[in-house]
Amino acid sequence: MERYTTASIGTFCFPSGTVPAYNGPMQFSTNHYLNWYLVRANRGDDAVNLHSSGMAALDPTSFHPDVGNPWTLPHRFEEAVAEWLDIPPDEVVATEGATGGNLLALLTLVEPGKEVLVESPMYEPMLRQAERTNRVKRFHRRPEDGWALPMEEIVQAVGPETGAVMLLEPCNPGGTHSRREDVLALADEVGRHGGWLLVNEVYRQFSDHPTYHKAHPRIVVMSSLSKLAGTYWMRLGWLSASADVCRILTDARFSHGTPTMLGCAYGLEVVPKLPALREAARSISVEHLDHMAQWVSMTPGLEWTPPQGPGFASIALPEGIDDLTFAERLHDELGVLLVPGSLFEVPGSIRVSWLQAGNRLSEGLEGISTALKRGFGRGT
């Protein structure tokens, strides 16, 4: 069994008799975040929406896609995205959302048996993918450090066994961007050992921060239309990297599964709307930021690092409050839905998004204040 790549990336294979043993069917651990969140988000009640960390979903009935030759749709979508991003079309690979892109990159670029270094906090589906495909090490962004990359900790963890490092830029749930020089230094370090830096940029377009696409030869960027354009139901994303890397990813995609042709057809209608959607997303993300900052400063016991554009933030609760119980009672008794920080590996906090709150933001924040006064999450 052999795996061939271009000379610039390197070649590796499994000599005869050394193919990794089959360990039974692939199974993933329970996704605690989605199991908790989707049940509540899909109830259809009139809860104040402080949970959705993306733009409101676009109405599928408003689209009338021109399919044309369906077999060319993924390539046509790649060309459209490339034009929007102002990069060559051979530097884009269409995927089944950013999460699907992450899995494709792990399966394609990381040798079996290598370690994947995953930051904490991390979007749980991506963590579960890394756990199932490779050995995982963790490093920790900390709110008391402004969610900065802990460079000393990371450099000590990266070595010859490191196949990839996974980052969210901006940090989720912190909502802050890393120093660019730190990310590029990390790419240098992991690249020195032949590994890859996988950077998830699904929230980058909510601010004016530049992309990491081709900022370093060992960086692969993943993104999607879901958060920015509200196209969750399309499951449409992409990877971007050098043309050499994208050729390998495209070849591998035929084994992994291409995005749905219908999704790409809808996506072709969305891409021309992206400049206007981006401006709307940026406007909404900053519209209520002053309101949020004032509320946090005036509410006893709350702490946060002000976010840098994505329209959500992590807020530390007063000591002694169980965030999961707090969030459940907040929803069930006061009709406000947000995400408990434990589901993003930040216990004792809540993730609050104001992207879909609209004129109900004050109502939602008042509900949180009431829950704090009533002692939700304290004791039993």
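This report describes the central sheet of a predicted model, two of the helices that lie across it, and some unusual backbone and cysteine positions.

**The sheet**

Seven strands make up an open sheet, and their order across it is S4-S10-S9-S8-S7-S5-S6, with mixed pairing. S4 and S6 are the edge strands, since each of them pairs on one side only. From one strand to the next, the twist averages 25 degrees.

Strand S5, residues 115-120, stands beside S7 and S6 in this order. With strand S6 (residues 135-140), S5 pairs in the parallel sense over six bridges. One of the residue pairs here is Glu115 of S5 with its bridge partner Arg135 in S6. Between these two strands the chain passes through helix H4 (residues 124-133), and the resulting β-α-β crossover is right-handed. With strand S7 (residues 162-168), S5 also runs parallel, and four bridges join the two. Leu117 has Val165 as its bridge partner in S7, while Glu115 stands opposite Thr162 in that strand.

How many of the six residues of S5 are buried? The strand is mostly covered, with six of its six residues buried. In a regular strand the side chains alternate between the two faces of the sheet. In S5, Glu115, Leu117 and Glu119 belong to one side, and Val116, Val118 and Ser120 to the other. Both of these faces are covered, and the residues named on each side are all buried.

**Helices across the sheet**

Helix H4, through which the chain crosses from S5 to S6, lies across S5, S6, S7, strand S8 (196-200) and strand S9 (219-224). The direction of H4 is at about 140 degrees to that of S6.

Helix H2 lies across S4 and S10 and runs at about 125 degrees to S4. H2 covers residues 73-85, which is 13 residues. Why is a span of 18 Å to be expected for this helix? At 1.5 Å a residue, the expected span is 1.5 Å times one less than the number of residues. For H2 this gives 18 Å, and the C-alpha atoms at its ends are 18 Å apart, so the two values agree.

Part of H2 is shielded by other elements of the structure. Its buried residues are Leu73, Pro74, Phe77, Glu78, Ala80, Val81, Ala82 and Trp84. The cover over these residues includes two strands of the sheet, S4 (92-95) and S10 (237-240). Helices also contribute to this cover, among them H7 (226-229), H8 (243-256), H9 (261-270) and H10 (274-287). Directly after H2 comes Asp86, which has a positive phi, near 60 degrees.

**Unusual backbone angles**

Most residues other than glycine have a negative phi, and most peptide bonds are trans. The table lists four places in loops that depart from this pattern.

| Position | Backbone feature | Location |
|---|---|---|
| Ser120 and Pro121 | cis peptide bond, omega about 5 degrees | Pro121: loop between S5 and H4 |
| Asn172 to Pro173 | cis peptide bond, omega near 25 degrees | Pro173: loop between S7 and helix H6 (180-192) |
| Trp147 | positive phi, about 65 degrees | loop between S6 and helix H5 (151-157) |
| Arg235 | positive phi, about 50 degrees | loop between H7 and S10 |

The first of these bonds involves Ser120, one of the buried residues of S5. Are Trp147 and Arg235 buried, or partly exposed? Trp147 has a relative accessibility of 2% and therefore counts as buried, because the limit for a buried residue is under 20%. Arg235, in contrast, has a relative accessible area of 40% and is partly exposed.

**The cysteines**

How many disulfides does the model contain? The count comes to zero. A disulfide would require two cysteine sulfur atoms within 2.5 Å. The cysteine sulfur closest to that of Cys246 is in Cys264, at 15 Å, which is too far for a bond. For Cys264, in turn, the closest cysteine sulfur is that of Cys246, and the distance of 15 Å again excludes a bond. Both residues are nevertheless in the interior by the accessibility criterion: Cys246 is buried, with a relative accessible area of 2%, and Cys264 counts as buried at 0% relative accessibility.

Terms used. Residues are numbered from 1 along each chain as its sequence is written. This is a predicted model: local features need pLDDT of at least 70, side-chain atom pairs count only at pLDDT 80 or more; totals for chains, interfaces and linings use all residues. Side-chain values use heavy atoms; hydrogens and water are left out. Buried means under 20% relative accessible area, exposed over 50%, partly exposed in between (1.4 Å probe, protein chains only). Contact means heavy atoms within 4.5 Å. Two strands pair if DSSP finds at least two bridges between them. A crossover is right-handed if, with the strands pointing away from the viewer, the path from the first strand over the helix to the second runs clockwise. Axes are lines fitted to C-alpha atoms, for helices over the stretch in contact, and angles run from 0 to 180 degrees between N-to-C directions.
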